[in-house]
Amino acid sequence: MEKKAMIELQNIEVSFDGEQILKNFNLRILDGEFVTLLGPSGCGKTTTLRIIGGFTNPDSGNVYFDGKRINDLPPYKREVNTIFQKYALFPHLNVYENVAFGMRAHKKSEKEIKKTVHEMLDLVNLHGFSHRNVNQLSGGQQQRVAIARALANSPKVLLLDEPLSALDMKLRKDMQNELKKIQQQTGITFLFVTHDQEEALSMSDVVVVMDKGEIQQIGTPQDIYNEPKNAFVADFIGESNILDGIMREDYLVEFFGHKFRCVDKGFKTNEPVDVVIRPEDIDVVKPDEAALSGIVTSVTFKGVHYEIIVDVKGFKWMIQSTDFTAEGEHIGLKIGPDDIHIMHKSEYSGTFGDYSTFSDEMEEDLQTPLSSLEEGEK
Amino acid sequence: MKSKKACYPYVVWMVLFVVVPMLMVVFFAFTDKSGNFTFQNLLGVGQYSNVFLRSIWLGAIATVICLVLGFPLAYLIARTGRKSQNVMVMLIMLPMWMNFLLRTYAWMTLLEDNGILNQLFEAVGLPKLQMINTAGAVVLGMVYNYLPFMILPIYSILTKMDSSVIEAAQDLGADKRQVFLKVTLPMSTPGIISGVTMVFVPAVSTFIISKMLGGGANLLIGDLIDMQFLGSAYNPNLGSAISLVLMVLILICMGIMNQFDDGEESNGGLMI
C-alpha cells in the first residue's frame, strides 16, 4: 500500500544574516514513519523542524502538510506539536495543567480534558503526578511531561528537537525505547532531530543525514550504515577507514598497490573512488596471510572490543577486534569482498578517513552536546 | 564559618539602624510626653481615619495607573532589539537622576493657576483649569515619580522569560491573546507584585508630593506625620502612633497582594 506524504518540503531556502542555512532542501515524510534528521550542529536540522512547526519562515520554497500548502499558517493553527530541546514546560502550571494546556486552547470539555490528561500521564508512566509542580521534577520526568503535553493534542506529526540531549546516558537509552514504543502504539509520524548517530540508527525507520544545509543521504539505518553515499556519511555514521582507491573493473578495486575483490559495480574503468572499510569488518591475521600488514601503534580497551590503530605504510587504520593485540606487534589485515564499500569521489573526499590525528579525548569533546554542558553548570 | 563572621557587621548595622528605631517608634507610640504608658496616642489616630483612607485611596489609584501604563510599556521594551532596549531603559531612568523635590516643583510651575499649562490654554482661547491643589495633581505627581519602579521589575522579568515557553504555547494551539493571558501575564506576576509594592508603599507614605501639589485640602498620612515632628502640631508620640498604624496597614496590603502569587516559586523578580 502506498503511504501518503504527511509533510513535504519543496525547494526550501533559508538564510540568516547572509549565511545559508538550508540550500534547495527537499524532503518527503510519509504517514506513520519515524524519521530522524541527523547531522552535526549547524547543519540546518533544527531550522528544518522550525519551518515545519511554523516558527521560521523559509525565504523561498513550499511547505505542504497533508497535501495542503501551509507556508502562511501560524504555528497555533498547525496540526503538529513540538517537543523542545529544553522541554519549555510552563513553570507557573502544574503537571496536569501543562498537559491540559493544548486542549484548553482548543476549548475541549473539562470531562474530555480530564480523561485525556490521565491517559497521557499513564502513557508516559507519570501516573499520580498530576498535581506536582513541574519545577520540582527530575530531567527525565520533565521530559515525559513534555511528551504527554505534545501528544495530548493528538497531533498528526510530532516534532522532536534533540529531546534527549540533556539526559544522562542510562536515562537516554530508556527514553529512546519508550519513544519508539509510543510511536508504534500511537502511529503518529515522528520527526526526530539529533546529532547522535547511535540514537538515530536505533530508533528510526528512515534516517536523513544532513550537513551544511543539504541532505547527504536518505535511507534506512542499515542502508546508511552499510552503503554510505559519500565520505561525510561514512565518517559521521560510526567509525570508518576511508582510503583512496581506483576501480579497475566491476568487482575489482585497487588500493595500497593491491587489487581486492569487492561486490560493487557500475563504475567507470580506472575511476578514482573512495573506499570505506568498517573497523569491525577487518580480521587480524598473521602478516603473511594478508595483502596488507602494519605495526600496531595503539590499543584501547573499549569494553566489548579493543580499538587498535595500525600503521600501514603511513596510513593509520582503525580495527575493532575482540582479541587483544599488543602495541608494536606486526599484524596482517584481512579484508573480504563483503567488507569493502566503494563510493564516488565527493567534496568530502580526503577530509576524513585517516586515524593519525585520532584521540579519544577529541572525539568526546566534539560529541558532548552544548545543552548538557549548560545543564552541568547550573 | 568565615562567612558567618563576615555578616556580623551587617547584623550590628541592622540592629542599630533598623531594629532599634522600630522599637523606639513602638515605645513612643505607647507613651505620653512624660514617658508613662498610654493608649491615648493610638486612640488619637482614629480622628485621622479620613486622612488614612485618602492616602490609601490615592496611593491605590496611582498604583493602578502605573500598572496600566507600565505593563504595556515594559512589554514593548522587552520586545524590541537589544540596542533600543538599553536606550529606552535609560530614558526611563533619566528623570530619576534629577532631584525629587525639583521634579515635583517643576510640576507646580506647570499646573499653577497662572502656570505654563493654564497660560497655554488661555492663549488658544480655552478656559483656565483648576489643576494645582487637587487630588488629581497628587495622583499625577505619584504616577510621574514612581512609574519607573513599576516598569523596571516588570521589564526585567519579561526579558528573562524563556522564548521557547512562548513558542511551546503557540505550538500547542494558543493564539496571541491566549498566549498573553495564559503564559506571559501569569509568568510575569512576580514582577507585577514587586512593581506594585514599590509604587504603593512610597505613594501611600509620601508627604512632599501632597504638600506641593495637593495644597491643604489633600492632606496625606505623610503630611500628618511631618506635622507631628517638624510642624506646628509638635507631638512625636502621636506621630509615632500614626507611623505604627501606617506600617501595619501597609503590611496588611502587602499580605493581600502576595496572596496572588500563592503557591508559586518566586523567580527572583520579587524584591520584598
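## Chain A at a glance

Of the 378 residues in chain A, 40% are buried. Keep in mind that this is a predicted model. The C-alpha trace of chain A spans about 75 × 45 × 40 Å along its principal axes, and its secondary structure adds up to 10 helices and 20 strands.

What about contacts along the sequence? Taking the contacts in chain A with a separation of 6 or more, 67% come from residues 24 or more positions apart.

## The six-stranded sheet

Chain A has an open sheet of six strands, and its order reads E6-E7-E8-E3-E9-E10, with mixed pairing. Strands E6 (80-83) and E10 (214-219) of chain A sit at the edges; each has a single partner strand, so one side of each is left without a neighbour in the sheet. On average, neighbouring strands here are turned by 20° against each other, ignoring direction.

Now for one pair inside that order. Strand E7 (residues 157-161) and strand E8 (residues 189-194) of chain A run parallel and are joined by five bridges. Looking at a single residue, A:Asp161 has A:Val193 in E8(A) as its bridge partner.

## Where chain B touches chain A

Between the two chains, 19 residues of chain A are in contact with 17 residues of chain B. On the chain B side, helix H9 (163-171) and helix H10 (176-187) each bring at least two residues. Which element gives the most to this side of chain B? That would be H9(B), with six residues.

As for chemistry, the side of chain B that touches chain A is made up of seven nonpolar, six charged and four polar residues.

Definitions and conventions. Residues are numbered from 1 along each chain as its sequence is written. Chains are lettered from A and ligands numbered from 1 in the order in which they are written. This is a predicted model: local features need pLDDT of at least 70, side-chain atom pairs count only at pLDDT 80 or more; totals for chains, interfaces and linings use all residues. Two strands pair if DSSP finds at least two bridges between them. Helices (H or I, at least four residues) and strands (E, at least two) are DSSP runs, numbered from the N terminus. Axes are lines fitted to C-alpha atoms, for helices over the stretch in contact, and angles run from 0 to 180 degrees between N-to-C directions. A residue is buried if 20 or more other C-beta atoms lie within 10 Å of its own, exposed if 12 or fewer, and partly exposed in between; C-beta atoms are placed from the backbone. Two residues are in contact if their C-beta atoms, placed from the backbone, lie within 7 Å. Ala, Val, Leu, Ile, Met, Phe, Trp, Tyr, Cys and Pro count as nonpolar, Asp, Glu, Lys and Arg as charged, and the others, Gly among them, as polar.
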